Amino acid sequence: MYTQSFNVPDETGQRTVKTVAHTEPPELMAKFDARIDADGRIEPQDWMPEAYRKTLVRQISQHAHSEIVGMLPEGNWISRAPSLKRKAILIAKVQDEGGHGLYLYSAAETLGTSRDQLLDALHSGKAKYSSIFNYPTLNWADVGVIGWLVDGAAIMNQIPLCRCSYGPYSRAMVRVCKEESFHQRQGYEALLVMMKGNQAQKDMVQDAVNRYWWKCLAMFGPPDADSPNSAQGMRWGIKRISNDDLRQKFIDATVPQAKVLGVTLPDPDLKWNEERQHYDHGQIDWEEFWATVNGNGPMNKERLATRVKAHNDGAWVREAALAHARKQQQRQQKEAA
Ligand SMILES: [Fe+2]
Ligand SMILES: [Fe+2]
């Protein structure tokens with residue numbers, strides 16, 4: 001799973017600022033604020049301001065959609081994995097992502113929304129998911145690079161979410177992060193093996209890194225100066241670290257890994273800054289980011305069409321499960337009578 005800071009507005013458009021309406025009852029609001037200030041958890045049965053609820057539904061559902069859509073680019077490679085070992089690992093990883101989506105849909109449902117509503121928003125194109133999945137996976141090295149960089153970026157974003165103020169979300173993230181860490185390592189290990197191979201294999205890895213590096217940096221979301229929702233998210237204990245700080249942490253952790261691997265990160269401005277004790281980096285193409293978020297990336301239509309088809313193809317399974325549940329209930333009622 002995955003993220004683009006999970007605070008981009010759904011529908012098209014880029015910027016909205018959510019603030020707490022003044023109509024919220026002051027006593028309840030004071031209790032809620034005190035719980036947040038004490039770093040306590042808000043649980044589904046607790047009172048919460050509507051704006052907090054809405055922000056969480058949007059963030060958790062975008063996260064869930066990202067997990068589910070994130071199965072698609074790698075799922076394409078299951079039948080083409082180069083060995084039985086790689087195939088088994090990839091199947092397990094893609095299955096994990098499906099599991100992450102299910103935990104997160106369940107967490108969103110505790111806020112009073114339904115699975116059908118969430119899926120309708122995804123399938124109709126209203127809801128957002130991480131833009132990174134709207135790019136194609138062109139060669140086998142893409143699978144390794146997705147593990148190393150995309151899951152790596154996801155971990156940076158998601159570890160702070162284990163301390164998120166909403167209980168069900170924070171608890172789901174604990175398990176998700178453990179699995180993401182396996183995803184990151186398997187990707188890096190697959191690339192290490194390729195980098196010990198022939199020139200064609202090394203070129204594939206470099207090509208995949210070139211295509212994915214900048215998109216992974218954009219996954220952390222717009223710069224702090226352009227993220228009006230962030231301050232409120234921080235106040236509510238939903239967001240703990242800013243987009244730019246997370247991006248910096250990711251870059252600082254990844255540069256030494258790239259050196260060990262023997263690949264070049266495609267940014268001529270990437271340099272260690274002795275004074276800041278961080279790496280400086282070049283400009284991210286935010287126009288491309290917003291174009292992709294708003295539906296115009298290379299794979300948006302295909303990803304959504306595949307997702308809708310899978311949902312429709314699975315209708316008979318859902319209907320059969322419901323019919324079975326109804327029959328069981330009738331049988332129990334008969335036996336009880
Ligand atoms: Fe995941
Ligand atoms: Fe993952």
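**Helix packing, a pocket and an iron site**

Mentor: Let us begin with a pair of helices in this predicted model: helix α5 (residues 115–123) packs against α12 at an angle of about 140°, and their axes are 10 Å apart.

Trainee: OK, which residues in α5 and α12 meet there?

Mentor: On the α5 side they are L119, L122 and H123, and these meet L304, R307, V308 and H311 in α12. Sorted by class, the contact of α5 with α12 has four nonpolar residues, two polar ones and one charged one.

Trainee: Sticking with L304, what does it touch, leaving out residues up to four places away in sequence?

Mentor: L304, which lies in helix α12, touches L122, H123, G125 and Y129 on that count.

Trainee: And how far are the C-alpha atoms of L304 and A51 from each other?

Mentor: Those C-alpha atoms are separated by 28 Å, the two residues being 253 residues apart along the chain.

Trainee: Switching to pockets, which residues lie nearest the centre of the second largest pocket?

Mentor: L304 comes up again here, since the residues nearest the centre are G125, Y129, G295, N300 and L304, out of 14 residues that line the second largest pocket. About 230 Å³ of space lies in this pocket.

Trainee: Which element gives the largest share of that lining?

Mentor: The largest share, four residues, comes from α11, and the elements that give two or more residues to the lining are α11 (286–296) and α12 (300–313).

Trainee: How does the lining of the second largest pocket divide by class?

Mentor: Its residues divide into seven polar, five nonpolar and two charged.

Trainee: Now the metal: what coordinates the iron ion (ligand 2)?

Mentor: The iron ion (ligand 2) is coordinated by E97 through OE, D151 through OD, E180 through OE and H183 through ND1, at 1.9 to 2.2 Å. The angles among these four donor atoms are 86 to 158°, and the site is irregular.

Trainee: What spacing do those donors follow along the chain?

Mentor: The spacing is E-x53-D-x28-E-x2-H. At the end of that pattern, E180 and H183 are separated by about one helical turn because they are three residues apart in helix α7 (residues 167–195).

Trainee: Which residue coordinates both iron ions?

Mentor: E97 coordinates both the iron ion (ligand 2) and the iron ion (ligand 1), and the two ions are 3.4 Å apart.

Trainee: Last one, back to helices: at what angle do α8 and α10 pack?

Mentor: Helix α8 (residues 199–218) and helix α10 (residues 243–261) pack at about 145°, with their axes 9 Å apart. W213, C216, L217 and A218 of α8 make the contact with R247, F250, I251 and T254 of α10, and by class these are six nonpolar residues, one polar and one charged.

Technical notes:
Residues numbered from 1 in each chain as written. Chains lettered and ligands numbered in written order. Predicted model: local features only at pLDDT ≥ 70, side-chain atom pairs only at ≥ 80, totals over all residues. Heavy atoms only, no water. Axes fitted to C-alpha atoms, helices over the stretch in contact; angles between N-to-C directions. Contact = heavy atoms within 4.5 Å. Nonpolar A, V, L, I, M, F, W, Y, C, P; charged D, E, K, R; others polar. 1 Å grid on protein atoms, 1.4 Å probe; cavity = no way out; pocket = protein on both sides within 12 Å on 5 of 7 lines; lining within 4 Å. Points joined across faces, edges and corners; volume = space filled by probe spheres on them. Donors = N, O, S within 2.8 Å, 3.2 Å for Na, K, Ca; no water. Tetrahedral: all angles 85-135°; square planar, octahedral: opposite > 155°, others 65-115°.
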